2 protein chains.
Amino acid sequence: MNDPAAATPLNSPNDIEGPSDELQIFSEVCKHARGTAVLADVEALLGWDEQTMLPPAAAGYRGEQAAALASIVHERWIDPAFGDKLARLAEGPLAEGDDPDAAATIRLLRYDRDCRTRMPSRLVEELASTGVEAQQAWVVARRDSDWALLEPWLQRIFALKREQAACRRPDLEPYDALLDEYEPGGRAAAIAETFSSLREGLVSLLAQLRGGPRSPSDRPVRRRLPREVQEALVREVAGRIGFDFDRGRLDTTAHPFCTTIGPDDCRITTRWDEDFFPTSFFGVLHEAGHGLYEQGLRQSWHGLPPGEAASLGIHESQSRLWENLVGRSPAFWRWCLPLLRKASGGFADVSLEEMHEAMLVVRPSMIRVEADEVTYNLHVMLRFDLERAMVQGELPVADLPAAWNERCERDFGLRPSNAAEGVLQDIHWSAGLVGYFPTYTLGNLYAAQLMAAVQREQPGLEKAIAEGDFRSLLDWLRQRVHARGRLLESGPLVAAATGEAPTADWLLESLALRYGPAHGVEPA
Amino acid sequence: MNDPAAATPLNSPNDIEGPSDELQIFSEVCKHARGTAVLADVEALLGWDEQTMLPPAAAGYRGEQAAALASIVHERWIDPAFGDKLARLAEGPLAEGDDPDAAATIRLLRYDRDCRTRMPSRLVEELASTGVEAQQAWVVARRDSDWALLEPWLQRIFALKREQAACRRPDLEPYDALLDEYEPGGRAAAIAETFSSLREGLVSLLAQLRGGPRSPSDRPVRRRLPREVQEALVREVAGRIGFDFDRGRLDTTAHPFCTTIGPDDCRITTRWDEDFFPTSFFGVLHEAGHGLYEQGLRQSWHGLPPGEAASLGIHESQSRLWENLVGRSPAFWRWCLPLLRKASGGFADVSLEEMHEAMLVVRPSMIRVEADEVTYNLHVMLRFDLERAMVQGELPVADLPAAWNERCERDFGLRPSNAAEGVLQDIHWSAGLVGYFPTYTLGNLYAAQLMAAVQREQPGLEKAIAEGDFRSLLDWLRQRVHARGRLLESGPLVAAATGEAPTADWLLESLALRYGPAHGVEPA
C-alpha cells in the first residue's frame, strides 16, 4: 500500500479512541457497514462481468442476480438496529470528537442511511427495474434513431426521479436532491452561476481559436496501430503513472469505465480503434486516473466514508487531470513519443511538436464523447440545463428533442440530422442518471485548479513529467485528495487542497495556455 | 434452447397440476429455492473470477465476499418457513403424485435441506475457512515439496470431514456420508467391488499392451502450435460438438474447470501448451463435455432438482465421453485431421493412422492429471482406498506419504522422488473434497456404457462423427441423461439409459478395442 499523506489521518477504525462502550458500538457499526460494502462490491463485480464477459443469452438472469444483491444491500442499509446504533453514536462523544474519521463515519453513514430509508422499497425496485428496461429500449432506440421508442420510458424515468427527489431530500428543490447523490453538497443554482462564467469564457476562447492563424492537425495520429501494440503501450503508460496492476485490471468494453470490486481490485476498461490510437490512449489515461483515485483511498477504511471517494466531480477531476492536463502536455509527449516510436516501430516522421499539437485539435461536433477538451463542457451545460428544466417541470419530456436540436444548433452551429446523433446519444437518462452530467464539468474545473496548485508548489514537475516520473504529482494527489476520502465535500476539499474556493478561472487559463499557441493565438 | 426428449417430462414448475393450495405452497417453495440458486450462482461467479481474472492482491477480500455469499445461501437453505412448507408438501398429494418432477423437487429439496440443517453453522464456517487456508498451504507445500507444511492442515480437514459425515448422514458409515454428497446413493462397499473387478481387468490389459509388438508414439503431436491457432481450433471443435458460446465462455486458467453461473451462462477454461496441443485440445473436449451437460439441463427447472446434474459421476461421464470415446476415436480424427491441417498449415506429414495412434500412448506415470486413459483409473483407486482408510481411522494422516509411495510403486512400478510428485500432487483433500475421487472412475465406467448403448442404437454414428456431425449423439445424451436432471440417481439413470445396471465391463471392452490394435494386440 502506498503510504498516504503525513498531513492526513492514517488510522483505521480500530485505532479510534474514546469511551469503551462507545467504541464497542462504533466497531459494530463499522462492521455492519463494511459487511454491506462486501456485498455492494459483489454487485460491482456483477456489473463489470456484464459489461466485459457475460455470454449474450445470460443478460436476463444477470438482472435477477443484480436485483437480488441490490435488495440484500438495501435491507442491510435500512436495518433498524444499525440505525439505532448510529443514532446513539450521533449523540455521543465520537460524533463531535477530535477524530475526523470517526466523526465523518458517524455523520455520513447516518446521512446515507436516512436518505435510503426515506425511499420506499417499492420505489427502489421500480427505479432499478425501469432503469434496466429503459436502457434496453435506449439501445434499440439509438440503433434505429427512433425517439418515439424511448419517450414513454423517459416520461416514466423522470416521474420516478421526481418522486425519488421528494423522498430523498424533501427539504431541497428536486434537482438538487438528485444532484446531491452524485455531488454531495452540490447545488444547481451555484453550479449554474459557475457554468455561466465558464460558458462566456469558452465561447470567447473558441472564437479566438477558430479565428487563429494556425490550426493543429491530427493527421499524424490517424494511422494504423495494431491493437496489441496499443495495448502494450497503454499498459506501460498506465503502470508508469502509478496504476497498480497487482491491484487492478484492464479489459475491453464498448463503453469504457472504471469500477471497484474491493480495496485491492480496481478494474478499468477501454475500447480500441486500430486507425486512431488516441481513443484507447486517452481513454486509458482517463480511466486509470479514476483508478489511481480508487487505489489511493485508505484501504483500512474501505467501505466506510473515510475510505470513499468524495464525489463524482472529484472523481472526474482525477481522470481528466491525467487524461488532459498531463496527457495533452508537451512535457508528457517528450517522454511518451520515444515510447510510442519504440512500441510501434513507427512515428519517426512525426516531430514532438506535431505529435503534441495533434492532441489539441478543436472541432465542434454534435457528439459529447467525441468532443475536444474546449467544446466538451458546452455539451455538458446543454444537458444540465435541459435535465434541470425537465425535473422542474418546465420542459415536458415530449418537447426534449426540439429543445435539444435548437440548443445544439445555437452552441455548435450544427443541427442533428437524426435523434441518434442528438437526443439519443447518451445512455445516462435511460439509466436513471439525472443530475449526473454536471459532475463532468465540475471535474474539469477541479482538475485545472488542482493542477495549477501542484505546478505552483512543484516547480520541477514539468521536468519530472518529461522524464516519465509521475511520483511527485501522484503523491500530491494522494495527500491532498485521495487520502481525505469523504471527509470534506468537493468545494471545501478543493479549497483545502489549493487554497481557494473552486472557480472556472483555472480551467479557462489552462485551456488558453495550452490551446492558444497551437492555434497561433497569444494568451489574453 | 434445445428441445430435450420426447420421452422426458418437459413441463416447468408452473405446469404442475394439483389442488390449488398445494400448488400455491409448491410455487412458494420453488420460488425460494430458485432465489437461493440465483445467489449460489453469484458464488460461482466469484469462484470463476478468482481463477481467471482476480488481481493478485485481491485474494483475501475475495475470501470475505465468498464467505458472505455462502452464509446468505446457507441461511436461505435452513430457513424454517421453507422447511415447514417442504414438510407439508411431503405429506401432500404432489409428493406421491404422477408428476415425477414435482415429486423429485419435494423429495430432494427436503433431503438437501435436512442434510444442511443437520450441519451446525459453526462447522459450515470452519469447513469453509479451513478449506481456504489449507489450499493456500497446499500451494506452498507443493511448490516446496514439503509434506510437513500440509500435514497439520490435513489432520484438521479429515477431523472436520468426520464431523461433517456424522452430522450429514449419521445413519451411514462416515465415508459413505461424504461420498453421498457428490454421488447421491453411492456406497463405498459397492464401489470397492466394482473397482476390484475393473482393477483386475486393467492390470491384465496393461500387461498385454505393454507386452504388445507395437507401441504408439505421440511424436507427431509434439510440435509447436501457437496458442492462437490452438484457440481457434478448440473453439471450432467445441462449437461443433454443440457447446453454445451464446450461453457460455472459454477462458484460460492454470487448473481447467467448468462452472455454471446461470441457466444460460456456463463457463469452461483451459490451459495452453504451445509444444503439445493435446493439452488444450482434450482439455477443452473434456470441459465442453461438462458444459454440454449443463447446457442440456432443462432451463425452466434451473435451481431445482429436475434442472440439476444427477451426480459428479454422471457429470464426469459426459466429459470423458467427449474427451476419450469421441475424441480419441479414428472416426473423429477422420473429420478433425483436415481441420487441424487447415488451422495450423502443418501436419501434412502425419497420416490419419499416426495421428489417431498418437492419442493412444499408454505410459504409467506418477501424476494423475497427466495419466493416459488406461492407467488413469489406477490413480483414482489409490486415492479412493487411502482416503477411505483415513476417514475410517484406519490410516493415520501422518502415515499417508509412506502409504502413498508404497502403493504408487506397487501400481506403477515408480516411486515418487519427492512429495510434490506423490502425495502433494492433488488439491482435492486440502480443499475438503473427500469422497470425490471415485466419481472420476465412475464417470469413466458410465461413459463407456453409455457410448456402447448409443453405438448399438445408432449404427450410423461412426459415419456421422467422421463427417463432424455430432447431433444424433448429443440428442441421445440430451434425452437419456441431461433432460432427466436429478430425477434418478446415477445407477438407475445409467440403467434406464442403457438397459443394464452399471458395470466395469464396457470400459474394459472399450479400452481393449481401442488400445489393443494400436499396440498390435488382438482383443481377447
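# Reasoning through the two-chain model

User: How many bridges join E2(B) to strand E3 (residues 265–270) of chain B, and what makes them a pair?

Analyst: There are 4 bridges between E2(B) and E3(B), and the two strands run antiparallel. A pair needs at least two bridges, so 4 bridges qualify E2(B) and E3(B). Keep in mind that this is a predicted model. For a concrete bridge, take B:Thr259, whose partner in E3(B) is B:Arg267. The two strands form a hairpin, with 2 residues between them.

User: Is E2(B) mostly covered or mostly open, and how do you know?

Analyst: Mostly covered: strand E2 (residues 258–262) of chain B has 5 of its 5 residues buried. Buried here takes 20 or more other C-beta atoms within 10 Å, so each of those 5 residues reaches that count.

User: What makes B:Ser145 partly exposed?

Analyst: B:Ser145 has 15 other C-beta atoms within 10 Å. Buried would need 20 or more and exposed 12 or fewer, so 15 falls in between and B:Ser145 is partly exposed. B:Ser145 sits in the loop between helix H5 (121–144) and helix H6 (147–168) of chain B. Its backbone is worth a look too, as phi of B:Ser145 is positive, about 50°, although the residue is not a glycine.

User: And which label does A:Ser145 get, and why?

Analyst: A:Ser145 counts as partly exposed, because it has 15 C-beta neighbours inside 10 Å. A:Ser145 is placed in the loop between H5 and H6 of chain A. Phi of A:Ser145 is near 50°, again positive in a residue other than glycine.

User: How do you know how the two copies are related?

Analyst: Chain A can be laid on chain B by a turn of 180° and a shift of 0.0 Å along the axis, with an RMSD of 0.0 Å. The two copies are therefore related as by a two-fold rotation axis. The same surface serves both copies, since 97% of the contact residues of chain A recur in chain B.

User: What does the contact between the chains take from each side, and which element of chain A gives the largest share?

Analyst: Chain A puts in 30 residues and chain B 29 residues. On the side of chain A, helix H1 (20–52), helix H2 (59–78) and strand E1 (248–252) each give two or more residues. The largest share there is that of H1(A), at 8 residues. By class, that side of chain A has 17 nonpolar, 4 polar and 9 charged residues.

User: Where are the domains of chain A, and what do they put into their contact?

Analyst: The domain assignment gives domain 1 (13–170) and domain 2 (188–518). Their C-alpha centres lie 26 Å apart. The contact takes 38 residues from domain 1 of chain A and 34 residues from domain 2 of chain A. On the domain 1 side, H1, helix H4 (100–117), helix H5 (121–144) and helix H6 (147–168) of chain A each supply at least two residues. H1(A) gives the most, with 11 residues. That side of domain 1 of chain A divides into 22 nonpolar, 8 polar and 8 charged residues.

User: Which residues touch the most other members of the largest nonpolar core?

Analyst: A:Ala288 and B:Ala288, out of 259 residues in that core. Ignoring neighbours within four places in sequence, B:Ala288 is in contact with B:Ala238, B:Ile241, B:Phe243, B:Ile268 and B:Trp322. Contact means C-beta atoms within 7 Å, so each of those five meets that cut-off with B:Ala288.

Technical notes: Residues numbered from 1 in each chain as written. Chains lettered and ligands numbered in written order. Predicted model: local features only at pLDDT ≥ 70, side-chain atom pairs only at ≥ 80, totals over all residues. Contact = placed C-beta atoms within 7 Å. Nonpolar A, V, L, I, M, F, W, Y, C, P; charged D, E, K, R; others polar. Core = buried A, V, L, I, M, F, W, Y, C linked by C-beta atoms within 7 Å. Domains from an automatic or database assignment. Least-squares fit on C-alpha atoms with pLDDT ≥ 70 in both.
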